[in-house]
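Work through the exercises below with the sequence and the model at hand. Each task is followed by a solution in steps.

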Amino acid sequence: MASAPSTTASGLPPPPFSSARGARLPSALRLPPPPPASAGRFRAVGPAAPGRRSRFARARVRCGAAVRFIGQSEFEAEVLQSDLPVLVDFVADWCGPCRLIAPVVDWAAEEYEGRLKIVKIDHDANPQLIEEYKVYGLPSLILFKDGKEVPGSRREGAITKAKFKEYLEPLLSTSTVA
């Protein structure tokens with residue numbers, strides 16, 4: 001019986017552009033060296049060191065002239081003691097839907113000026129308010145009248161201008177509070 005011819009590596013020519021010891025790929029086919037670990041495209045976003053700006057810009061929830069950001073210390077005076085109904089918009093900079101509805105909220109502040117006051121509260125900077133009013137999703141809208149939350153006024157998520165108007169009109173016409 002005859003044996004089959006040997007097909008070991010020593011009997012075959014090397015394939016083109018092989019990675020045989022000492023051989024190098026043409027420069028057009030070589031990958032660039034990996035970047036240093038600190039130069040990655042993604043990194044954890046946290047507060048920058050004092051006096052130092054991050055090289056990655058973060059999108060901010062914008063706020064029109066008729067809308068103000070308030071904090072825990074201003075909440076009672078601006079919301080609970082207001083003569084006008086107050087729509088509180090709970091937002092965060094990292095929340096895409098919050099940035100999406102910002103123009104609609106600005107429009108509403110101008111459209112309902114004199115009938116409605118609109119304020120925004122930063123979710124991350126006001127954990128006590130978030131806990132007290134049980135804000136679970138962002139953006140969250142809650143209407144306050146006479147210092148109390150209006151029943152059925154909670155709304156979470158992005159909303160169009162038409163739906164926003166449908167949401168607000170009945171709430172502004174009712175006079176009952178919880």
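Helices (H or I, at least four residues) and strands (E, at least two) are DSSP runs, numbered from the N terminus. The model is a predicted one.

**Exercise 1. The overall layout**

Task: State how many helices and strands the protein has, and give their pattern along the sequence.

Solution.
Step 1. The protein holds four helices and six strands.
Step 2. Read along the sequence, these elements follow the pattern β-α-β-α-β-α-β-β-β-α.
Step 3. As for burial, 31% of the 178 residues of the protein count as buried.
Step 4. Among contacts with a separation of 6 or more, 69% are accounted for by residues 24 or more positions apart.

**Exercise 2. The loop between H3 and S4**

Task: Find the backbone features of Lys134 and of the peptide bond from Leu138 to Pro139.

Solution.
Step 1. Lys134 sits in the loop between H3 and S4, and Pro139 has its place in the loop between H3 and S4 as well.
Step 2. The phi of Lys134 is near 50 degrees, which is a positive value in a residue other than glycine.
Step 3. Partly exposed lies between the cut-offs of 20% and 50% relative accessible area; Lys134, at 49% relative accessibility, therefore counts as partly exposed.
Step 4. The peptide bond from Leu138 to Pro139 is cis, with omega near -10 degrees.

**Exercise 3. A positive phi after S4**

Task: Locate Asp146, and decide whether Asp146 is buried or exposed.

Solution.
Step 1. Asp146 belongs to the loop between S4 and strand S5 (148-149).
Step 2. Although Asp146 is not a glycine, its phi is positive, at about 50 degrees.
Step 3. The relative accessibility of Asp146 is 60%, so Asp146 counts as exposed.

**Exercise 4. The buried side of H1**

Task: Which residues of helix H1 (residues 72-80) are buried, and what do they pack against?

Solution.
Step 1. The buried residues of H1 are Phe75, Glu78 and Val79.
Step 2. Seen down the axis of H1, these residues fall within an arc of 100 degrees, so they line one face of the helix.
Step 3. Their packing partners are strand S1 (68-70), S2, S3, H3 and S4.

**Exercise 5. The two sides of H4**

Task: Describe the length of helix H4 (residues 161-173), then sort residues of H4 into buried and exposed.

Solution.
Step 1. H4 has 13 residues and reaches 18 Å from its first C-alpha to its last, close to the 18 Å expected at 1.5 Å a residue.
Step 2. Phe164, Tyr167, Leu168, Leu171 and Leu172 are buried in H4.
Step 3. These buried residues cover an arc of only 115 degrees around the axis, which puts them on the same side of H4.
Step 4. Ala162, Glu166 and Ser173 are exposed on the other side of H4.
Step 5. The buried residues of H4 pack against strand S2 (86-91), helix H2 (96-111), strand S4 (140-145) and strand S6 (155-156).

**Exercise 6. Tyr167 within H4**

Task: Give the accessibility of Tyr167 and the residues that Tyr167 touches, not counting residues up to four places away in sequence.

Solution.
Step 1. Tyr167 has its place in helix H4.
Step 2. Its relative accessibility is 11%, so Tyr167 counts as buried.
Step 3. Not counting residues up to four places away in sequence, Tyr167 touches Leu87, Leu141, Ile142, Leu143, Ser153, Arg155 and Ile159.
Step 4. Ser153 is 14 residues from Tyr167 along the chain, and the two C-alpha atoms are separated by 8.2 Å.

**Exercise 7. Two residues and their distant partners**

Task: Compare the settings of Asp93 and Pro127.

Solution.
Step 1. Asp93 is in the loop between S2 and H2, while Pro127 lies in helix H3 (residues 127-132).
Step 2. Asp93 counts as buried at 13% relative accessibility, whereas Pro127 is exposed, with a relative accessible area of 53%.
Step 3. C-alpha to C-alpha, Asp93 and Asp122 are 8.0 Å apart in space and 29 residues apart in sequence.
Step 4. Pro127 and Gln72 are 55 residues apart in sequence, with 8.8 Å from C-alpha to C-alpha.

**Exercise 8. The second largest pocket**

Task: Give the volume of the second largest pocket and the make-up of its lining.

Solution.
Step 1. The second largest pocket has a volume of about 160 Å³.
Step 2. Its lining includes Ala66, Arg68, Glu78, Leu84, Glu113 and Lys117.
Step 3. Strand S3 (residues 117-122) gives the most to this lining, with three residues.
Step 4. By type, the lining residues of the second largest pocket divide into seven nonpolar, one polar and four charged.

Key
Residues numbered from 1 in each chain as written. Predicted model: local features only at pLDDT ≥ 70, side-chain atom pairs only at ≥ 80, totals over all residues. Heavy atoms only, no water. 1 Å grid on protein atoms, 1.4 Å probe; cavity = no way out; pocket = protein on both sides within 12 Å on 5 of 7 lines; lining within 4 Å. Points joined across faces, edges and corners; volume = space filled by probe spheres on them. Nonpolar A, V, L, I, M, F, W, Y, C, P; charged D, E, K, R; others polar. Expected span 1.5 Å × (residues − 1). Buried < 20%, exposed > 50% of the residue type's maximum accessible area, 1.4 Å probe, protein only. Arc of directions from axis to C-beta. Contact = heavy atoms within 4.5 Å.
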